[in-house]
Amino acid sequence: MEVFWMIEPWHWLVLGFILLIVEMFVPTFASLWFGAAAIIVAALSWVLPISVFIQILIWLVLSAICLLAWFKFVKPLSVDRTKAGLGGSVIVGETGMIIVQPQPNHAGTVRFSVPIVGAAEWMCRTTGEQVAVGDRVVVTDIVGNELIVSSMKSQAAMNNSKQI
């Protein structure tokens, strides 16, 4: 039991680096904060004469603060915007750009800036409207695995006529 109470600052440093290395193989962001807190405790215990009990207490408090800060402030910034796993109705209203022009006898391709329902590019058709490569389009409906799109210009005209 006496060995436990003989924790040196370098022990905290080694623990911190081991936890940081573990974080590289376990993508949960859990051991990262415990490792960072251990490295801070190592620096503090080198500078200040702190008892082992206080070192452990500081480590626990810093770990909790870092973990809470992660979930409160940082993680909400990395929200998954792909909408993967959601129903097809989430695609309606999204805007994309035509990269292969749809023809009456075959589908074209629309590309979205952010993958939607797992894919950035989708087969598309129009309802008789002509769209060219590079045109911005809005998804108006879904038929099977193809999107029905219309140009942004025609959507703007429809919105203006509804307002009048």
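The following conversation concerns a predicted model of one protein.

Visitor: How many helices and strands does the protein have?
Guide: This predicted model contains 4 helices and 5 strands.

Visitor: And what pattern do they follow along the sequence?
Guide: The pattern reads α-α-α-β-β-β-β-β-α.

Visitor: What do the strands form, then?
Guide: A closed barrel of 5 strands, in the order β1-β2-β3-β5-β4 and with mixed pairing. From one strand to the next, the twist averages 55°.

Visitor: Take β1. How many bridges join it to β4?
Guide: Strand β1, residues 95–100, is joined to β4 by 3 bridges, and the two strands run antiparallel. Within this pair, Gly96 stands opposite Val137 of β4, and Met97 stands opposite Arg136 of β4.

Visitor: How do β1 and β2 run, parallel or antiparallel?
Guide: They run antiparallel, with 3 bridges joining β1 to β2. Here Val100 faces Thr109, a residue of β2.

Visitor: Let us turn to the interior. Which residues make up the largest nonpolar core?
Guide: That core has 12 residues: Ile91, Ile98, Val110, Phe112, Ile116, Trp122, Cys124, Val131, Val137, Val139, Leu147 and Val149. Two or more residues come from each of the elements β2 (108–116), β3 (119–126), β4 (136–143) and β5 (146–151).

Visitor: Which element gives the most to this core?
Guide: Strand β2 does, with 3 residues.

Visitor: Val137 came up earlier. Where does it belong?
Guide: Val137 is a member of the largest nonpolar core, and it is also the β4 residue that stands opposite Gly96.

Visitor: What is Cys124 in contact with, leaving aside its neighbours within four places in sequence?
Guide: Cys124 is in contact with Ile98, Pro102, Ala107, Gly108, Thr109, Val110, Leu147 and Val149. Among them, Ile98, Val110, Leu147 and Val149 also belong to the largest nonpolar core, while Thr109 is the β2 residue opposite Val100.

Visitor: Which residues does the second, separate core include?
Guide: This second core has 6 residues, including Ala38, Val41, Ala42 and Trp59.

Visitor: What share of the protein counts as buried?
Guide: Of its 164 residues, 26% count as buried.

Visitor: And what supplies the area that the protein exposes?
Guide: The protein exposes about 10,700 Å², and carbon and sulfur atoms supply 70% of that area.

Visitor: One last point, on contacts between residues at least 6 apart in sequence. What share joins residues at least 24 apart?
Guide: Of those contacts, 48% join residues at least 24 apart.

How values were computed
Residues numbered from 1 in each chain as written. Predicted model: local features only at pLDDT ≥ 70, side-chain atom pairs only at ≥ 80, totals over all residues. Heavy atoms only, no water. Core = buried A, V, L, I, M, F, W, Y, C linked by side-chain atoms within 4.5 Å. Buried < 20%, exposed > 50% of the residue type's maximum accessible area, 1.4 Å probe, protein only. Contact = heavy atoms within 4.5 Å. Areas by Shrake-Rupley, 256 points an atom, 1.4 Å probe, with all protein chains shown as cover. Pairing = 2+ DSSP bridges. Axes fitted to C-alpha atoms, helices over the stretch in contact; angles between N-to-C directions.
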